[in-house]
Amino acid sequence: MIDKTIEITAFLKKHYSPGTIEDTQSDFQLKLSEVLYLLFQVFPNECIDEYDLHQILTSIGYKPHRKGPKDFVYCLKEL
């Protein structure tokens with residue numbers, strides 16, 4: 001697996017900021033797997049996994065938000 005942690009962190013910081021359910025468009029209220037899918041449009045597939053992505057997101061201020069009875073999402077606001 002190619003480690004792209006630093007590049008992905010920089011990409012997220014450059015293009016998005018943490019949001020909340022109330023101030024983020026529903027298209028950008030994403031489950032962890034959906035954030036990975038978004039990133040894999042830019043970075044090589046499987047360059048990080050869900051655990052690594054969770055670590056990256058929490059280190060730059062993102063928090064999981066409950067959406068519905070079972071789902072947690074990360075809210076990305078476009079810059």
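The following exercises, each with a worked solution, concern a predicted model of one protein chain.

**Exercise 1. Confidence**

Determine which element of the chain has the lowest mean pLDDT and which the highest.

Solution. Begin with the whole chain: its mean pLDDT is 93, and 99% of its residues reach 70 or more. Then turn to the elements. The lowest mean, 93, belongs to strand 3 (residues 65-67), and the highest, 97, to strand 1 (residues 16-18).

**Exercise 2. The two sides of helix 1**

Identify the buried residues of helix 1 and establish how they are arranged about its axis.

Solution. Step one is to list the buried positions, which in helix 1 are Ile-8, Thr-9, Phe-11 and Leu-12. Step two is to view the helix down its axis: the buried residues of helix 1 fall within an arc of 160°, and therefore line one face. The general geometry is relevant here: an α-helix has 3.6 residues a turn, so positions three or four places apart point the same way. Step three is to inspect the face turned away from the buried side, where the exposed residues Ile-6, Lys-13 and Lys-14 are found. Finally, consider the cover: strand 1, helix 2, helix 3 and strand 4 are among the parts lying over the buried residues of helix 1.

**Exercise 3. The largest nonpolar core**

State which residues touch the most other members of the largest nonpolar core, and which element gives the most to it.

Solution. The core comprises 20 residues, and those touching the most other members are Ile-8, Leu-12, Leu-39, Ile-48, Leu-53 and Leu-76. At least two core residues come from each of helix 1 (5-15), helix 2 (32-39), helix 3 (50-59) and strand 4 (71-78). Helix 2 gives the most, namely four residues. Leu-39 may be examined individually: with neighbours within four places in sequence left aside, Leu-39 is in contact with Ile-8, Phe-11, Leu-12, Ile-48 and Leu-53.

**Exercise 4. An aromatic pair**

Classify the pair formed by Tyr-16 and Phe-28, and decide whether each residue is buried or exposed.

Solution. The model contains three aromatic pairs. In the pair of Tyr-16 and Phe-28, the ring centres are 6.2 Å apart and the planes meet at 45°, which is a tilted arrangement. Tyr-16 lies in strand 1, whereas Phe-28 lies in the loop between strand 1 and strand 2 (29-30), so the pair ties together parts that are 12 residues apart in sequence. For burial, the cut-off is under 20% relative accessible area. Tyr-16, at 10%, is therefore buried, and Phe-28, at 17%, is buried as well. Both residues belong to one aromatic cluster, formed by Phe-11, Tyr-16, Phe-28 and Phe-43.

Definitions and conventions
Residues are numbered from 1 along each chain as its sequence is written. This is a predicted model: local features need pLDDT of at least 70, side-chain atom pairs count only at pLDDT 80 or more; totals for chains, interfaces and linings use all residues. Side-chain values use heavy atoms; hydrogens and water are left out. pLDDT is the predictor's confidence in each residue, from 0 to 100. A nonpolar core is a set of buried Ala, Val, Leu, Ile, Met, Phe, Trp, Tyr and Cys residues joined through side-chain atoms within 4.5 Å. Buried means under 20% relative accessible area, exposed over 50%, partly exposed in between (1.4 Å probe, protein chains only). Contact means heavy atoms within 4.5 Å. Rings of Phe, Tyr and Trp (its six-membered ring) pair if their centres lie within 6.5 Å; planes under 30 degrees apart count as stacked, over 60 as edge-to-face and the rest as tilted. The arc is that of the directions from the helix axis to the C-beta atoms.
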